[in-house]
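Me: I have a protein open on my screen and would like to talk it through with you. Could you start with a loop residue and then work out to the whole chain?

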Amino acid sequence: MSFDGLFTHAMVHELSQLLTGGRIARINQPYPAEMVMVVRANRKNHPLLISANPTYPRLQITAVPYKNPAVPSNFTMTLRKYLEGALIDSISQVDNDRIVEFTFTTRDELGDTQHLKLIVEIMARHSNVSLVNQETGKIIDTIKHVGSDQNRVRLLLPGRSSGCRPSKNAPTPTCLTNTTPSSLASSRVTRLVWPKLCSTNTKALVRIAPRNWRPNCWRLTTCRRLTRASCVTSNTPNQS
């Protein structure tokens with residue numbers, strides 16, 4: 001299954017139920033683009049793998065015992081400084097995109113409350129992990145620094161503004177809250193969303209892989225036809 005917006009939504013829902021309220025116990029970076037954050041929640045340790053690998057970016061609970069380097073990287077030291085002992089307040093998804101935000105509450109050197117945010121972008125070679133000060137919106141550090149020579153529009157460097165990716169302002173499938181197929185097929189939101197999914201213009205899609213939205217589009221289209229046919233039959237006067 002493709003790691004698209006729908007899969008990310010399901011992953012965020014699972015991680016939110018499992019890790020919200022947990023405390024960061026340990027942070028390691030076994031590979032240059034991958035980090036493991038051990039979360040202590042519900043009396044258990046949950047190793048959370050966060051990967052910004054350009055080929056296999058992902059976010060998951062892992063049981064693989066990774067071998068850590070003898071000397072931690074600068075990004076690892078920064079995360080340990082700011083996040084070890086922090087509490088996870090929430091885990092959310094930005095729109096229906098492949099961007100996951102972890103919000104933390106911790107204390108600085110003076111004992112004052114500090115709110116931080118870890119932004120995970122799962123976007124192939126553009127994948128990245130950024131630690132952001134939630135109050136100022138400034139980047140503290142990123143697992144991959146992106147300068148002006150790589151991206152002139154959006155710089156990902158310490159001290160710069162986080163600057164989230166521009167939103168498409170398109171409706172998402174998660175806003176369809178009706179449970180019955182007949183009401184879902186006849187709803188106004190469905191008539192606005194699914195024609196875009198059925199169109200051949202892939203830029204109109206709301207971040208869903210084609211292998212995932214095509215079967216659903218076919219099911220809803222068929223359901224709408226059946227709903228219209230049943231309405232016509234019910235409104236036809238009895239000839240007998």
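**A loop residue to begin with**

Reply: Setting aside residues up to four places away in sequence, D112 touches T106 and R107. Please keep in mind that this is a predicted model, and that D112 itself is found in the loop between strand 6 (99–107) and strand 7.

Me: Ok, and how much of D112 is exposed?

Reply: D112 has a relative accessible area of 43%, so it counts as partly exposed.

Me: Let's step back. How many helices and strands does the protein have, and in what order do they run?

Reply: The protein has five helices and nine strands, and from the N terminus on the elements run α-β-β-β-β-α-β-β-β-β-β-α-α-α.

Me: What share of the residues is buried, and what does the outside look like in terms of atoms?

Reply: Of the 240 residues in the protein, 41% are buried. The accessible surface comes to about 14000 Å², and carbon and sulfur atoms account for 52% of that surface.

Me: And how much of the contact network is between residues 24 or more positions apart?

Reply: If you take the contacts with a separation of 6 or more, residues 24 or more positions apart account for 45% of them.

Me: Which residues have the most contacts inside the largest nonpolar core?

Reply: The largest nonpolar core has 31 residues, and those with the most contacts inside it are M37, I50, F102, F104, L118 and V129. There is also a second, separate core of seven residues, which includes I99, V132, I139 and L156.

Me: Take F102 from the first list. What is F102 in contact with?

Reply: Leaving aside the neighbours within four places in sequence, F102 is in contact with L48, L59, S90, I91, L116, K117, L118 and V120.

Me: Changing topic, how many cavities of 30 Å³ or more are there?

Reply: The structure holds one cavity of 30 Å³ or more, and the volume of the largest cavity is about 40 Å³.

Me: What lines the largest cavity?

Reply: Its lining is made up of I119, E121, S130, V132, I139, R154, L156 and S162, which divide into four nonpolar, two polar and two charged residues. Strand 7 (113–121) and strand 8 (128–133) each supply at least two residues of that lining. Some of these names have come up already, since V132, I139 and L156 also belong to the second core.

Me: S162 is in that lining too. Where does S162 sit, and is S162 buried or exposed?

Reply: S162 lies in the loop between strand 9 (139–142) and helix 3 (181–186), and at 15% relative accessibility S162 counts as buried, because the cut-off for buried is under 20%. Beyond four places in sequence, S162 is in contact with V132, G137, I139, R154 and L156. As for distances, the C-alpha atoms of S162 and N133 are separated by 9.1 Å, although these residues are 29 residues apart along the chain.

Me: What about G159, where is G159 found?

Reply: G159 is also found in the loop between strand 9 and helix 3, but at 46% relative accessibility G159 counts as partly exposed. Outside its neighbours up to four places away in sequence, G159 touches K138 and I139. G159 and K138 are 21 residues apart in sequence, with 5.5 Å between their C-alpha atoms.

Me: Last topic, backbone angles. What is the phi of N42, and what is the phi of R43?

Reply: The phi of N42 is near 55 degrees, a positive value in a residue other than glycine, and R43, which is not a glycine either, has a positive phi of about 65 degrees. As background, most residues other than glycine have a negative phi.

Me: Where are N42 and R43 located, and are N42 and R43 buried or exposed?

Reply: N42 is in the loop between strand 2 (34–41) and strand 3 (44–51), and R43 has its place in the loop between strand 2 and strand 3. N42, with 60% relative accessibility, counts as exposed, and R43, with 79% relative accessibility, counts as exposed. The C-alpha atoms of R43 and G22 are separated by 9.2 Å, with the two residues 21 residues apart along the chain.

How values were computed:
Residues are numbered from 1 along each chain as its sequence is written. This is a predicted model: local features need pLDDT of at least 70, side-chain atom pairs count only at pLDDT 80 or more; totals for chains, interfaces and linings use all residues. Side-chain values use heavy atoms; hydrogens and water are left out. Helices (H or I, at least four residues) and strands (E, at least two) are DSSP runs, numbered from the N terminus. Buried means under 20% relative accessible area, exposed over 50%, partly exposed in between (1.4 Å probe, protein chains only). Contact means heavy atoms within 4.5 Å. Accessible areas come from the Shrake-Rupley method with a 1.4 Å probe; for residues, only the protein chains shown count as cover. A nonpolar core is a set of buried Ala, Val, Leu, Ile, Met, Phe, Trp, Tyr and Cys residues joined through side-chain atoms within 4.5 Å. On a 1 Å grid over the protein atoms alone, a cavity is a set of points where a 1.4 Å probe fits but cannot get out, and a pocket is an open set with protein on both sides within 12 Å along at least five of seven lines; lining residues have an atom within 4 Å of a point. Grid points are joined across faces, edges and corners, and a volume is the space filled by probe spheres set on the points. Ala, Val, Leu, Ile, Met, Phe, Trp, Tyr, Cys and Pro count as nonpolar, Asp, Glu, Lys and Arg as charged, and the others, Gly among them, as polar.
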